[in-house]
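I opened my notebook for a friendly wander through this model. Here is what I looked up, entry by entry.

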Amino acid sequence: MLTVNNNFISFSIFEKFPELVCVMSMRGAGDLYIKNLRQPEKVQTFLSQLAIRPDELVSMEQVHCEHVAVVNKEFRGKTIPGVDGLIASERGIYLGVNAGDCVPIFFYDPKTLMTGVIHAGHRSTYLLITAEFIRFAERQGVRVTNLLVAIGPHIGGCCYEVSDHLAHVFKTRFPSEQVVFQTQNKWHVDLGEANKLSLLELGVLPEHIDVPITCTSCQNDRYFSYRKDSKATFGEMLGVIGIRTV
Ligand SMILES: [Zn+2]
């Protein structure tokens with residue numbers, strides 16, 4: 001479930017935590033690529049709607065790997081190289097993720113105040129970045145059964161057509177027909193479902209996973225889609241998670 005507000009969406013699983021900020025921008029907010037700020041004024045405008053300053057944000061290089069970094073306030077304003085996942089356990093630090101078909105996944109543990117984010121494209125999904133993330137979270141003192149998870153807008157299995165080779169590779173790791181399936185003789189992979197199944201196997205409770213029904217390609221009027229958009233019309237959406245200082 002999600003609620004739409006202006007140029008961003010938020011997730012119902014996090015609604016009862018007013019100090020927690022967790023949103024994903026929509027197409028209307030524009031291209032919010034944060035690695036080297038293609039359009040810094042748009043990022044600034046978007047973050048100011050959330051009462052966040054750009055120098056409070058930590059971003060990641062997003063190289064389609066399984067690596068995760070634990071960050072603290074000293075990393076604010078920086079881009080962490082070589083990772084597709086971030087974890088923080090402090091207030092006043094906001095973790096950023098860019099996506100436009102890949103799967104953004106947000107985590108919150110109300111007990112330890114850990115926040116986290118993953119950027120899961122097909123490589124990171126296959127490499128089980130979810131497992132790496134949970135290992136790191138547990139090292140931070142998080143109990144997996146307390147974790148709340150929101151899987152953000154991404155390309156659905158409906159529209160993510162893949163090669164025979166990729167389908168075969170994915171089947172070896174995710175044998176479920178909900179993850180790898182054929183439609184009209186073409187192979188499709190559901191990356192959101194693959195990550196959800198991984199999280200369930202790792203011990204996250206099913207009622208703690210929020211997967212709004214979204215497909216960036218089917219709902220291209222609302223979201224950017226790397227596959228559906230042209231080079232000229234594509235932009236990156238920005239997801240942010242963090243806890244306000246009190
Ligand atoms: Zn679709």
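**Entry: an aromatic pair in a loop**

I began with Phe234 in this predicted model. Is Phe234 buried or exposed? Its relative accessibility is 17%, and the cut-off for buried is under 20%, so Phe234 counts as buried. I then checked Phe224, which is buried too, with a relative accessible area of 6%.

Next I looked at the geometry of these two rings. The centres of Phe224 and Phe234 are 6.2 Å apart and the planes stand at 70 degrees, so I noted the pair as edge-to-face. Phe224 and Phe234 both lie in the loop between strand 15 and strand 16, so their pair ties together parts that are 10 residues apart in sequence.

**Entry: other aromatic rings**

How many aromatic pairs does a search of the whole structure find? I got nine. One I wrote down is Phe11 with Phe106: the centres are 5.7 Å apart and the planes are at 40 degrees, so this pair is tilted. Phe11 sits in strand 2 and Phe106 in strand 9, 95 residues apart, so I marked the pair as a link between distant parts of the chain. Both rings belong to buried residues: the relative accessible area is 1% for Phe11 and 0% for Phe106. I also jotted down one aromatic cluster, formed by Phe14, Phe17 and Tyr108.

**Entry: the nonpolar cores**

I went on to the largest nonpolar core and found 35 residues in it. Which residues have the most contacts inside this core? They are Ile105, Phe107 and Phe133. Several elements supply at least two residues each, among them strand 9 (103-109), strand 10 (114-120), helix 4 (164-173) and helix 5 (191-201). The largest share, five residues, comes from helix 3.

I listed the contacts of Phe133, leaving aside its neighbours within four places in sequence. They are Val68, Leu86, Ile87, Phe107, Met114, Gly116, Val117 and Ile118. There is also a second, separate core of 32 residues, and it includes Met60, Leu95, Ala99 and Phe224. I had met Phe224 before, in the edge-to-face pair with Phe234. As background, I reminded myself that nonpolar side chains tend to be buried together in soluble globular proteins.

**Entry: helix 1**

Which residues of helix 1 (residues 40-49) are buried? I found Val43, Phe46 and Leu47. Looking down the axis of helix 1, I saw these buried residues fall within an arc of 95 degrees, so they line one face of the helix. A general reminder fits here: an α-helix has 3.6 residues a turn, so residues three or four places apart point the same way.

I then asked what the buried residues of helix 1 pack against. The partners are strand 2 (8-11), strand 3 (20-25), strand 4 (57-60) and strand 16 (237-243). After helix 1 comes Ala51, and I noted its positive phi, near 60 degrees.

**Entry: the zinc site**

Last, I looked up the zinc ion. Which atoms coordinate the zinc ion? The SG atoms of Cys158, Cys159, Cys215 and Cys218 do, at 2.3 Å. The angles among the four donor atoms run from 100 to 116 degrees, and the site is tetrahedral. For reference, the ideal angle for four tetrahedral donors is 109.5 degrees. I wrote the sequence spacing of the donor residues as C-C-x55-C-x2-C.

Cys158 lies in the loop between strand 11 (148-151) and strand 12 (161-162), while Cys218 lies in the loop between strand 15 (209-210) and strand 16. These two are 60 residues apart, and the pair links distant parts of the chain. I closed with the accessibility of Cys158: its relative accessible area is 48%, so Cys158 is partly exposed.

Definitions and conventions. Residues numbered from 1 in each chain as written. Predicted model: local features only at pLDDT ≥ 70, side-chain atom pairs only at ≥ 80, totals over all residues. Heavy atoms only, no water. Buried < 20%, exposed > 50% of the residue type's maximum accessible area, 1.4 Å probe, protein only. Helix = DSSP H or I, 4+ residues; strand = E, 2+ residues; numbered from the N terminus. Arc of directions from axis to C-beta. Contact = heavy atoms within 4.5 Å. Donors = N, O, S within 2.8 Å, 3.2 Å for Na, K, Ca; no water. Tetrahedral: all angles 85-135°; square planar, octahedral: opposite > 155°, others 65-115°. Core = buried A, V, L, I, M, F, W, Y, C linked by side-chain atoms within 4.5 Å. Phe/Tyr/Trp six-rings, centres within 6.5 Å; stacked < 30°, edge-to-face > 60°.
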